[in-house]
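Q: Please take a close look at a single part of this model. Then place that part among the other features that can be read from the coordinates.

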Amino acid sequence: MNNAARIAEIVLPVVVSLFLGWLSRLKGILSRAQIDGLKAFVVTFSLPAVLFMAFAEIAYGLDVLLTCVVVFAACTAMLFIGKLFRRENPLLAFLVTGFEAGMMGYSLYTLLFGAENLSVMAVAALGGDVFVFTLYMAMLKGRDGMPPKQIARETLLSPIFLAILAGVLLGATGLWTAMQGSFVGAAVAAVGDFLSGPTACAILFVVGYNIEFSRDSLRGAVRAAGARLVLCAAFCALCLLVLTWTVGMTDHLRWALILLFTLPGPYVLPVFARSEADTRYASSCLSLYTLLSVVMFCVIAVLAA
């Protein structure tokens, strides 16, 4: 298979899935309630299965811990740099940091390198996942006065967090390796693979459905996208440099980190906007950066093919 065919094989499913989602909203083929149901299935069952399998198959060691710490530190630094520009919009700090690895990153990486290498993306994304589920969510929910106990409870009981925790525990303790070749291991893997199957298409369809711009907030979205692009490029280069010096760098990990830093911010942000104007602003920013992420993914596909 030549490079052009390989690139088309990777990029076309992404573009078509996004387009079908967008078209479904434009033509009223599916309602918002139906899309919310599809999203609920993904975040409750399908995506947790993907994450459980990915984190269980990681070979945990000092290199994984250091990668996690470096990415977490980069996310934290971007958050506080974003806070310096809060006069632009208080939500800007939350738009320039964190990565939507769950709803986009894992699916895109699978298209590039196959499900058998998804654990590499999990290593790259672990620090960002920890950041989003801890500092990011705590500061975001804290803006609305949510009690710390409620923040902790909602975080610790979410299906995605529980799946990541279970995968990490099985992988780090060696239990997952010990289960390989047994009936239990084969059964768990079969169920995980079956539930994971529709994840990429379903996620991209939902993302496409939610791509929508507000004319009033488009100018702010462009500025936010520019700020995020500059910060992500700088901290991606810094992370690659630090990790190359310390733990070494494989091609799969390098592309995983590059892909991670091209992703939009967490899609949960508009849920915590304080006003309708803030909701439109956050949604427009995330929609614009999602399209930009798809363009950057196409470039990565060309370079990595």
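A: The answer starts with one helix and then moves through other parts of the chain.

This is a predicted model, with residues numbered from 1 along each chain as its sequence is written. Local features need pLDDT of at least 70, side-chain atom pairs count only at pLDDT 80 or more, totals for chains, interfaces and linings use all residues, and side-chain values use heavy atoms, with hydrogens and water left out.

The part to look at is helix α5, residues 101–113. Helices here are DSSP runs (H or I, at least four residues), numbered from the N terminus. α5 has 13 residues, yet its end C-alpha atoms are only 15 Å apart. A straight helix would reach 18 Å at 1.5 Å a residue. That expected span is 1.5 Å times one less than the number of residues. So α5 falls short of it.

Why is α5 described as largely enclosed? Of its 13 residues, 11 are buried, so the rest of the structure largely encloses the helix. Buried means under 20% relative accessible area, exposed means over 50%, and partly exposed lies in between (1.4 Å probe, protein chains only). The buried set opens with Ala101, Gly102, Met103, Met104 and Gly105. It goes on through Tyr106, Ser107, Leu108 and Tyr109, and it also takes in Leu112 and Phe113. Glycine 114 follows α5, and its phi is positive, near 90°.

How confident is the prediction? The protein has a mean pLDDT of 86, where pLDDT is the predictor's confidence in each residue, from 0 to 100. A value of 70 or more is reached by 94% of its residues. Confidence is lowest in helix α7 (residues 148–156), at a mean of 77. Helix α13 (residues 251–260) has the highest, at 96.

Helix α13 also holds a charged pair. Arginine 254 and aspartate 251 both lie in it, three residues apart, about one turn of the helix. They form a salt bridge (a side-chain nitrogen of Lys or Arg within 4 Å of a carboxyl oxygen of Asp or Glu). Their closest N and O atoms are 2.8 Å apart. By this rule the count is one salt bridge. Side chains of opposite charge can pair when their charged atoms come close. Aspartate 251 is exposed, at 53% relative accessible area, while arginine 254 is partly exposed, at 30%.

Next comes helix α1, residues 3–26, where leucine 20 is found. Leucine 20 counts as partly exposed because its relative accessibility is 39%. It belongs to a nonpolar surface patch with Leu12, Val16, Phe19, Trp22 and Leu26. Patch residues have over 30% relative accessible area and no salt bridge; like charges are joined within 9 Å, nonpolar side chains (Val, Leu, Ile, Met, Phe, Trp, Tyr) within 5 Å. Together the six residues have about 540 Å² of accessible area (Shrake-Rupley method, 1.4 Å probe, only the protein chains shown counting as cover).

Serine 24 also lies in α1. Serine 24 is buried, at 5%. Its side chain reaches the backbone oxygen of leucine 20 at 2.8 Å.

Some C-alpha distances place other helices. Leucine 92 is in helix α4 (residues 92–95) and is buried, at 5%. Leucine 92 and threonine 76 are 16 residues apart in sequence and 14 Å apart in space. Valine 295 sits in helix α14 (residues 276–304) and is partly exposed, at 49%. Between valine 295 and leucine 92 there are 22 Å in space and a separation of 203 residues along the chain.

Alanine 125 lies in helix α6 (residues 118–142) and is buried, at 1%. Alanine 125 and proline 148 are 25 Å apart, with a sequence separation of 23 residues. Alanine 189, in helix α10 (residues 183–196), is buried at 18%. Its C-alpha atom is 10.0 Å from that of methionine 179, 10 residues away along the chain.

Notes. Helix = DSSP H or I, 4+ residues; strand = E, 2+ residues; numbered from the N terminus. Polar contact = N/O pair within 3.5 Å; in protein donor to acceptor, adjacent residues only side chain to side chain.
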